[in-house]
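The following exercises concern a protein model with its sequence and coordinates at hand. Each task is followed by a solution in steps.

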Amino acid sequence: MTDLLTVDGMGKTFGTKRFLSMKPTYSVTALRNVSFSIAKGETVGVVGESGCGKSTLARCVLDLITPTTGSVLFDGTDLTALDPASKRKMRGRIQMIFQDPYSSLNGKRTIGKTLAEPLYVHQGMKFKDALPRILAVLDEVGMPRSAVDKYPHEFSGGQRQRIAIARALILEPDLIVADESVSALDVSVQAQVLLLLRRIQQERGLSYLFITHDLGVVRNFCDRVLVMYLGSIVESGPVGALLSNPKHPYTKSLRDAAPIPDVSKRQSLALLEGEIPSPANPPSGCAFHPRCPRASEICRRDAPALQDTHDQRSFACHSPQD
Amino acid sequence: MTSPLMKVEDLSISFKIEDRWCRAVNGISFDIFPDETLCIVGESGCGKSITAMSLMKLLPDAAQLGGKVIFDGQDILSMKEKELEGIRGSRIAMIFQEPMTSLNPVLTVGEQIAEPLVLHKGMTWSNARSEARNLLDLVRIPDAEQRLGQYPHELSGGMRQRVMIAIGLACRPEILIADEPTTALDVTIQAQVLALLDDIRKDQGLSIVMITHDLGVVANVADRVAVMYAGDLVETAPVADLFTKPSHPYTQALLKTVPRADEAFELLPIEGQVPPIQSMPDGCRFAPRCVEAHDACNVAPDLSRGPHAVRCWARVERV
């Protein structure tokens, strides 16, 4: 498989610049040396708790916020080195679906106008000429063609998310970045949308970068998964192997805390003590050590590097699980 | 068998929409027993939250209530505000989904926990404050003394939910109603809060009514489960029965839509969507999406009797 997207050493630091101020500058490192790749037709999931940097990662890949360090290689071109005009051209090939279809669709625009806009911006297409493609993409996401003249408020959450998917698809992208795109939906509708996304992938051969906090969704939808903690990837690998045999204690804790809808698996949900530290004031050494049941002296001192194992997995831990 | 702590009988809640009364909760009955966790589970708009609110008669005047909520021999729904004050917050308490919006941002944590003790138990503020300290210990907030003087914005989401639980528990209620208490929390923090609630229930012997949309949470904390769909209570059962022998077609279908972290399987979505409240079918409300629907479903079935009860024509004989 050839890699469609390769992210290398990406970092993002938010902070204030000192300007006519006596106050010290502060900075928050939201992403720390993140590297991964996505193959054509592959779905890569990113999981982690709030504040782990997964949404920042999604936005950096699209250059919606500019990463501080690192490169984003898309189909052989380094996006971070492009001039604005060429960057804009490339952006048509990477599209995004957001979490909340209530705020990501313009309530004052008809669905037709919303779907026509990307075609106008990227291809200079007039609404009249765009209409056949709009109708085709509405068919593809299972929405009635009459939606063209309607407004977002006339639709339910699941239908709006279908419209958001249609908007992402209309430029025929190679990669779709989905940031918690099914999290706001009820499970019965969530399953509909997940199946739709999978069917689209099979028909079009596109790739997904799928940000979520739900390990159940990851298990059922993704090929590979990156587990993030406090801005770094702590473990990555094929979904099945990673979840059934996690190497990093954080991955294990995350998995054990996810409640399974099955009484035979009822357990006292394994408890991870404490909470995710503030990225403004990260712990020394391994960022996970204050909560880690396996932490030892070296974990407090040295941050472990990501090491690869033979079966396409990697993890960053001094004392991994067997 | 112990007698129920609270009996909900034929509860209905209607709202006026475009000059017509629409039933958001359609005549449901269930019991809450002492010392148990009852989960009410369902998707958005199924009526689970307003059902929870009605148990304390916390609904706006615009809502038309029918049926009874019997607690300690009295019908809560026919009580006056004055009488309700003796129950709300002291004998029945509630915690909500988003602790940031239900905590008062301009009062300290200590003041908010002490308030119900002063109002309901007639404690002095200084006694109430030291009791608040004990309550923070109970909900396992470290450095309790220091936390008492902090404001909600200084706490993380998990800590805020613990403070909400402390407020709820302040007057030693008999029933704690928890409306999606962990939905806004990360899974590791959710696990902590669920474990805390379960420990407290065992220690203090109170009953918890937990409203949730998450079947994973239900499987892990419930003793009994009530499944709601579009204002109907479609199935109620002990938790083991519900997951091993789901009977209502909706429950069966719902269980097949939940992705699991421990195994991958083919998700089977429920086709269609919940009908809008103004145009609910007269018969079984799930019939339009039900694979087993037939002519009899044009008339609404009743909930069958017994501990594992189902509201479905196709199941009447079997259960």
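**Exercise 1: The contact between the chains**

Task: Determine how many residues of chain B are in contact with chain A, and characterise that side of chain B.

Solution. In this predicted model, 38 residues of chain B are in contact with 37 residues of chain A, where contact requires C-beta atoms within 7 Å. Next, assign the residues on the chain B side to helices: α8 (187–204), α9 (215–221), α10 (239–244) and α11 (249–255) of chain B each contribute at least two. The largest share, eight residues, belongs to α8(B). Finally, sort this side of chain B by residue class, which gives 21 nonpolar, 12 polar and five charged residues.

**Exercise 2: The sheet of chain A**

Task: Establish the strand order of the eight-stranded open sheet in chain A, and explain why one side of β6 and of β11 has no neighbour in the sheet.

Solution. Reading across the sheet, the order is β6-β7-β8-β3-β9-β10-β12-β11 of chain A, with mixed pairing. β6 (94–97) and β11 (307–308) of chain A are at the edges and have a single partner strand each, so one side of each remains without a neighbour in the sheet. For β6(A), the pairing with β7 (residues 175–179) of chain A is parallel and spans four bridges. Within this pairing, Gln95(A) has Ile176(A) of β7(A) as its bridge partner.

**Exercise 3: A helix across the sheet**

Task: Identify which strands of chain A helix α1 lies across, and give its angle to β8(A).

Solution. Helix α1 (residues 54–61) of chain A lies across β3 (43–47), β7, β8 (207–211) and β9 (224–229) of chain A. Relative to β8(A), the helix runs at about 150 degrees.

**Exercise 4: Confidence**

Task: State the confidence scores of the model and of chain B.

Solution. The model has ipTM 0.87 and pTM 0.91. For chain B, the average pLDDT is 92, and 98% of the residues score at least 70.

Note on methods: Residues numbered from 1 in each chain as written. Chains lettered and ligands numbered in written order. Predicted model: local features only at pLDDT ≥ 70, side-chain atom pairs only at ≥ 80, totals over all residues. Contact = placed C-beta atoms within 7 Å. Nonpolar A, V, L, I, M, F, W, Y, C, P; charged D, E, K, R; others polar. Pairing = 2+ DSSP bridges. Axes fitted to C-alpha atoms, helices over the stretch in contact; angles between N-to-C directions. pLDDT = per-residue confidence, 0-100.
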